[in-house]
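Subject: Structure for your attention

Dear colleague,

Please find below the structure that I am handing over to you. A description of what was found in it follows.

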Amino acid sequence: MIGTGSIGRRLTFLLAGVAALLSVLSWWMVTGLAREAAERTQDNVLAASATAIAETLRSEQGEVRLELPYSAFAMLGAIGEDRVFYRVMAGDELLTGYADLPALSDPPPPGQVRFDTGTYSGETIRMASVSRLVLAGAQPLPVTVTMAQTGNGVSTISAELSRLAAVMAVAFFGVAVILSFFAARASLRPLNEIAAAVSRRGPSDLRPLKRDAPAELAPLMTSLNRLMERLGQSIRRSEDFIAEAAHRVRTPLAVVRTQAEIALRSVEDEAEKRRLRGIIRAVDESSRSAGQLLDHATVTYRADDLTRAPVDLATLVEQTSAALEPTAAMKDITLTRNTMPAQIMGDPVLLDNALRNVLDNAIKYSPEDTEVVLAITTEGREVRITVTDEGPGLGDGPVRALTERFRRGSNTGDIVGSGLGLTIVEDVLSAHGGRLELHTREGERGACITLVLPLS
Amino acid sequence: MYHAGLAIILTLWATMAHALTIEDHRLYPGTGDVTLRILSTADLEVFEPYLLAFQAEQPAVTIDYSVVSSAELHRAITDGASFDLALSSAMDLQFRLANDGFAQSYRSDDTQALPDWARWRDLVFAFTAEPAVVVLSTDRFEGLEIPTTRQELITLLRENAADFAGAVGTYDVRESGLGYLFATQESRSTDAFWRLSEVMGRLDPQLYCCSGQMIDDVTEGRLALAYNVLGSYAAERMARDSGGRVQILRMQDFANVMLRTAIIPKTATEREAAGALIDMLARLGLREDAGQWPLPPLNSAGPGEAPEYGPIRLGPALMVYLDPLNRRTFLTEWEDAMEQR
Amino acid sequence: MRYLLVEDNVELADAVVSRLVLDGHAVDHAACLADAEDCLASAKYDLILLDVMLPDGDGREFLARSRAHLETPVIVLTARSHVSDRVGALDQGADDYITKPFDFSELEARCRAVLRRRGGVARNDIALGQAVFDPLAGTLRHGSQTIDLRNREIRLLEVFARHQGQILSKSHLMDRMFSYDAEVTENAIEVYVGRLRRRIEGSGVRIETVRGLGYRMETSQP
């Protein structure tokens, strides 16, 4: 069956099929020609033999006389080991030879050779007959010399040639199959090169392909480039849309929050103050949820087609914690870094986001005036980033369930959070071949969250 | 006398069963039921070692061995007489039997090992190559120079006509199939044949049916030389006679080499046993060392001995002199040469 | 301190401006990039708060364009998510960024952190009687003595310093001190005030309790 999965295989099969057909055809033709040639050779030898005998015909004292020349028979042994029969007839009378050889349908005209095929002694024989007029007595008498031979030699010769032709046909076929394979590969090379060029690209590289392609592939290249252009436009549009949507949602939220905050200062009534604080908290919660939903979508999209660049985790921890330093300082939380250089391959944006989520959580749940420790350790082929805080820990619920979407720890109290944070972290880590480990610190307060990543 | 009614062979076979003229016969009883009936031209004293060797291999097989002339053998087979194996020194007649469909094919590793020229169509198998030689009496040749070619022999006979009158022997080619084969092949191969025949004809030649008698007569001094004797028989006789009264001479200008052949007749019933004997003969035919066997191996005709003349070819050309017309012509000429009294 | 706020949303801008003015800063507001360029050409600012999406262009592109000749630190205000925007903004030369909607306390903290990091800006010392308070450095100096303050203490002292002689209620202080994501009781204010009092003892700056109303800062006049 022709595989529909591969053009190369299909091309190879097609070419090989044609080669097989040609091989069989050539074998058949050579076999036929060989048989023809062998038969013609036998005919010629038979004719020569009969003629040689006919040439010895003469008339002596009114009687037809002849000799069978030695060479006339010797030459018949040349083709192969064939049985030989002969007959010489003077008119209707047998002069010598095998009387019961098949009769000729009609005697050959003088000076010409007639060939017949018949059966004698259980075998198919080929006969050549020559006639001569010999003056015996008063009038010329037609004397017919017939030489007959079985066809073993012819069969042997043609079978040998046929076998030779078969061997050559098979060899030709073999060579053709190999050449077909290479031909198919060569013709598909431009396609493979385009495929390789596309797959070598980074996930966000949507520049048009600029390379020479065979005429047949030009439409494919054009379509591909057009598709990439459309894809690029579409991605840009969605990014613009997300940005626009975020802007449209968050700017009013910011206005509301700011207004509420200002109002809070001029209002003296405690009940109203509480209401205003409630508004602010609601705004914070919805903006955080929106942010994490967008982050989660972005992470999922980027993790599907991961960019891999060398990332030094010490630098990453330094930058990320520096960005959160002001937030931590607000609660007089000290961020302690205990790092060492550790290089991995990965997407720095995603890794930053994961660490930021973990650190954000740690700061959020830590009490005032405490310490959050970031440490990097290596263990075999793995590197571990451990974030340890002095917060309430992870509660009594199942630790693994914390990373499930929209679930929050049982002891989060009224701290604002959407519950997507750890899900994002876990998604990022598993995209890098790593994992997330969560522990409540034994005997002490606080949680210990470890990001485990494979070293490069 | 050989008379082949070629045109009526099949008719003859169908209508009459000719009584065989058997020259010698011997039964070698075996332990089993199988009886291998052999028709052969080889004398018992020459062939018995082979039969005994075969029986040592296959003790179960009873061998029924009949010695006949080559013409009788040919006639018996064409008449449809029931034999399992036909061994003959007349390779032309053996060939003819095979060509005309009286032989059945046999194929084995041993027959395949035979050279191409020693078998024909898996029907005819040669197992000895035996040259034709001149045997001469050392007594009668005392003081005479030993000839090495036909020309020298002719000169010798001419110059010493008195010494050789009535003392030259050769085959009566009308009687002996082998003699006819040697004579026809020689006439074809060398023009000295007819001149020699004429010279011999003037010396009142003695004509024989068989090699054996000729060798006997040379040994006993009745003949000074015997021309065209089967070399193997002469050698075998020499081995028995230690008197040194005969000398074997191989002509340097040309020497016929005859192939002794075997066929399995169409009428054979013990095909397997016949095949086994052919296998043994083929193996012996290919042996490197001549050894103690009475008949020489095939390679005695090979390159070492007479490189220029191979054995007579097994092929359709053998049929030429069997044709009655050709035979009549040849015999007429031969008689003209040999009978000049 | 002189701030430039580049923000096209008028309501948000007004709110931010009034809040910053309340903290004792001078703030100019530009509604678009063109206005911002005019402002930058005519005055010198200590800090720029730059919105990303503006009617006449992208704030980040403006940043990338002007970074070469602009020495003023920039905090980008963005409505976008962390993942896609942060790196971009920092790469373009922003000093920090903050996502809308933002907590004023966090904005203040970030402004302070950026200003402290950049240094070289005009001192913004506040005289508290015989002592001098540097909210940026978080120090209170009197005579040869320098008191290092912790973050919360700096902020609490700053609130009192901006409202010298005024009575500030616990509730008011709470709103200025803490973000709204945690429920803080008025007891926490008492704890912090107590802590601050012990810190600044002997500097001539005192925080008096006004029973039933709140607290008031008193300074010994030079």
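A residue is called buried if 20 or more other C-beta atoms lie within 10 Å of its own, exposed if 12 or fewer do, and partly exposed in between. B:Gln252 has 13 other C-beta atoms within 10 Å and is therefore partly exposed. Please bear in mind throughout that this is a predicted model.

It is convenient to stay with that residue for a moment. B:Gln252 sits in the loop that runs between strand 11 (246-249) and strand 12 (257-265) of chain B. Leaving aside residues up to four places away in sequence, B:Gln252 touches B:Thr148 and B:Thr149. B:Arg150 is 102 residues away from B:Gln252 in sequence, yet the C-alpha atoms of the two are 8.2 Å apart in space.

I turn next to the nonpolar cores. The largest of them has 129 residues, and B:Leu85, B:Val135 and B:Leu225 have the most contacts inside it. Strand 7 (residues 124-137) of chain B is the element that gives the most to this core, namely 10 residues. B:Leu225 touches B:Val134, B:Val135, B:Leu136, B:Ser137, B:Val168 and B:Val218, when residues up to four places away in sequence are not counted. There is also a second, separate core of 43 residues, which includes C:Leu5, C:Leu12, C:Leu33 and C:Met53.

Chain C contains 8 helices and 14 strands. Of its 222 residues, 40% count as buried. Among the contacts in chain C with a separation of 6 or more, 53% are between residues 24 or more positions apart.

One sheet in chain C deserves a closer look. Three strands form an open, antiparallel sheet there, in the order 12-14-13. Strand 12 (167-168) and strand 13 (205-210) of chain C stand at the edges with a single partner strand each, so one side of each has no neighbour in the sheet. Strand 12 of chain C pairs with strand 14 (residues 214-219) of chain C in the antiparallel sense, over 2 bridges. C:Ile167 has C:Arg216, in strand 14 of chain C, as its bridge partner.

Chain A also has 8 helices and 14 strands. It has 456 residues, of which 32% count as buried. In chain A, residues 24 or more positions apart make up 66% of the contacts with a separation of 6 or more. An unreviewed UniProt entry annotates residues 164-184 of chain A as a "transmembrane region". In the model, residues 164-184 of chain A are 100% helix and 0% strand, and the end C-alpha atoms of this span lie 29 Å apart.

How many residues does each chain bring to the contact between chain A and chain C? Chain A brings 40 residues and chain C brings 35 residues. On the side of chain A that touches chain C, at least two residues come from each of helix 4 (218-266), helix 5 (270-304), helix 6 (313-330) and helix 7 (348-365) of chain A. Helix 4 of chain A gives the most to that side, with 15 residues. By class, the side of chain A that touches chain C has 17 nonpolar, 9 polar and 14 charged residues.

Yours sincerely,

A colleague

Conventions. Residues numbered from 1 in each chain as written. Chains lettered and ligands numbered in written order. Predicted model: local features only at pLDDT ≥ 70, side-chain atom pairs only at ≥ 80, totals over all residues. Helix = DSSP H or I, 4+ residues; strand = E, 2+ residues; numbered from the N terminus. Contact = placed C-beta atoms within 7 Å. Nonpolar A, V, L, I, M, F, W, Y, C, P; charged D, E, K, R; others polar. UniProt positions renumbered as here; feature names shortened; annotations may be inferred. Pairing = 2+ DSSP bridges. Core = buried A, V, L, I, M, F, W, Y, C linked by C-beta atoms within 7 Å.
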